[in-house]
Amino acid sequence: MFTVIPVPVSGPVDADLASRAVRWLPAVGALLSVPAVAVLLAAGAGDQAPLRRLLGAVLAVAVLGLLTGGLHLDGLADTADGLASRRPREEALEIMRRGDTGPLGVAALVFDVLLQVTALAALPGHLAVAGLVLAAVTARTAVILVTGPAFPAARPGGFGALVAGRTPARVGAAAVAVLLVVVAALGALDGGTALALRLLAATAAGLLAAVALCRSARNRLGGLTGDIFGAVIELSTAATLAVLALLT
C-alpha cells in the first residue's frame with residue numbers, strides 16, 4: 001500500500017493481489033493526509049505569521065515522508081539519477097537499482113521538498129488543508145492511471161513488475177473521473193465556481209505531471225520500475241500544490 005503501515009495478507013503477494021491493492025491508493029492517500037493535516041493545523045496553518053505557516057508545512061510534509069518510509073523520496077532520487085544519466089538503457093536501470101544517490105538525485109530531492117513545503121506554506125487557512133488532502137489523493141490516483149496498459153514494466157521482477165501495465169484502462173479512467181467529479185463538487189460547495197476551477201486545475205496538473213514522467217521513462221527505459229512509481233507520487237504531489245498556490 002506504499003506506506004510503512006502493516007497490512008495483513010493471507011497468501012503470497014502476487015501480481016493479481018498487487019494490482020487490486022493499487023486501486024485503494026487514493027483512499028490510502030486520504031488516510032495519510034489525516035495526521036499530516038493535524039500537524040499542519042497544530043503548528044499554525046492559517047496563522048498570519050509566515051514562519052508559523054512555514055513550520056506547519058515542513059512538519060506536514062515530514063509526516064507524509066515518515067508514514068511512507070521515505071520510499072517515494074528514494075524512488076524520486078533513483079529515478080532522477082537514472083533518467084538524467086544519459087547512459088544506455090541497461091546502465092540507466094543499473095544506476096536506479098543501486099542504493100547510492102548521485103548529485104542529480106540529491107538535487108531532485110531538494111527541489112521536490114522545497115517546492116512542496118513552500119507551496120503548502122503559501123496556501124492560506126483552510127485552503128492549505130484542502131490542498132494537502134488533494135495532493136495526497138491526486139498523487140495516488142495518478143498511480144492507478146500510470147499502471148495501465150500504456151506503461152509496461154521496464155524489467156521482469158521487482159515491485160514495478162507486480163503492478164506496471166496491469167490496471168485496466170477503464171479502471172484508470174474511472175478513478176480519474178471520480179476524482180474530478182468529487183473535487184469539482186466539493187470545491188463548488190465550499191467556494192463556488194472559482195474555487196472549483198482552481199482545484200480542478202491543480203488536480204489536472206498533478207495527473208499530467210505523472211503521465212509526462214512515465215512517458216519519458218517509457219521512452220528512455222522501455223517501461224516503468226518501482227522507483228518511478230515513487231517518483232510519480234512525489235512529482236504529482238509537488239505539481240498539485242504548486243499550481244494551487246500559484247492560482248491562489
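The questions and answers below go through the cores, surface and salt bridges of this predicted model.

Residues are numbered from 1 along each chain as its sequence is written, and side-chain values use heavy atoms, with hydrogens and water left out. Because the model is predicted, local features need pLDDT of at least 70 and side-chain atom pairs count only at pLDDT 80 or more, while totals for chains, interfaces and linings use all residues.

Reader: Which helix supplies the largest share of the largest nonpolar core?
Author: A nonpolar core is a set of buried Ala, Val, Leu, Ile, Met, Phe, Trp, Tyr and Cys residues joined through side-chain atoms within 4.5 Å, where buried means under 20% relative accessible area, exposed over 50% and partly exposed in between (1.4 Å probe, protein chains only). The largest such core has 36 residues, and those with the most contacts inside it are V143, V146, L221, I228, F229 and V232. At least two residues each come from α1 (15-22), α4 (71-83), α5 (89-97), α7 (125-146), α9 (169-221) and α10 (226-246), helices being DSSP runs (H or I, at least four residues) numbered from the N terminus. The largest share, ten residues, comes from α9.

Reader: With which residues is V146 in contact, leaving aside its neighbours within four places in sequence?
Author: V146 is one of the residues with the most contacts inside the largest core, and contact here means heavy atoms within 4.5 Å. Leaving aside those sequence neighbours, the residues that V146 contacts are F151, A210, V211, C214, L224, F229 and V232.

Reader: How many residues does the second, separate core have?
Author: This core is separate from the one just described, and its members include L32, A135, V137 and L195. Its residue count is 29.

Reader: Is T138 buried or exposed, and which residue's backbone oxygen lies 2.8 Å from a polar atom of its side chain?
Author: T138 lies in helix α7 and counts as buried because its relative accessibility is 0%. Leaving aside neighbours within four places in sequence, T138 is in contact with L179, T203, G206, L207, S236 and T240. The backbone oxygen lying 2.8 Å from a polar atom of the T138 side chain belongs to L134.

Reader: What distance separates the C-alpha atoms of L54 and P6?
Author: L54 lies in helix α3 (residues 50-67) and is partly exposed, since its relative accessible area is 34%. Not counting residues up to four places away in sequence, L54 touches V117 and A121. P6 is 48 residues from L54 along the chain, and the separation of their C-alpha atoms is 31 Å.

Reader: In the salt bridge of R97 and E94, what is the N to O distance?
Author: A salt bridge is a side-chain nitrogen of Lys or Arg within 4 Å of a carboxyl oxygen of Asp or Glu, and by this rule the count comes to five. R97 and E94 both lie in helix α5, three residues apart, about one turn of the helix. R97 is partly exposed because its relative accessible area is 45%, and E94 is also partly exposed, at 35%. Their side chains meet with an N to O distance of 2.4 Å.

Reader: Which residue forms a salt bridge with E91?
Author: E91 is partly exposed, with a relative accessible area of 39%, and its partner is partly exposed at 43%. The closest N and O atoms of this pair are 3.5 Å apart, and the partner is R87.

Definitions and conventions
A polar contact is a pair of N or O atoms within 3.5 Å; within protein, one must be able to donate a hydrogen and the other to accept it, and residues adjacent in sequence count only if both atoms are side-chain atoms.
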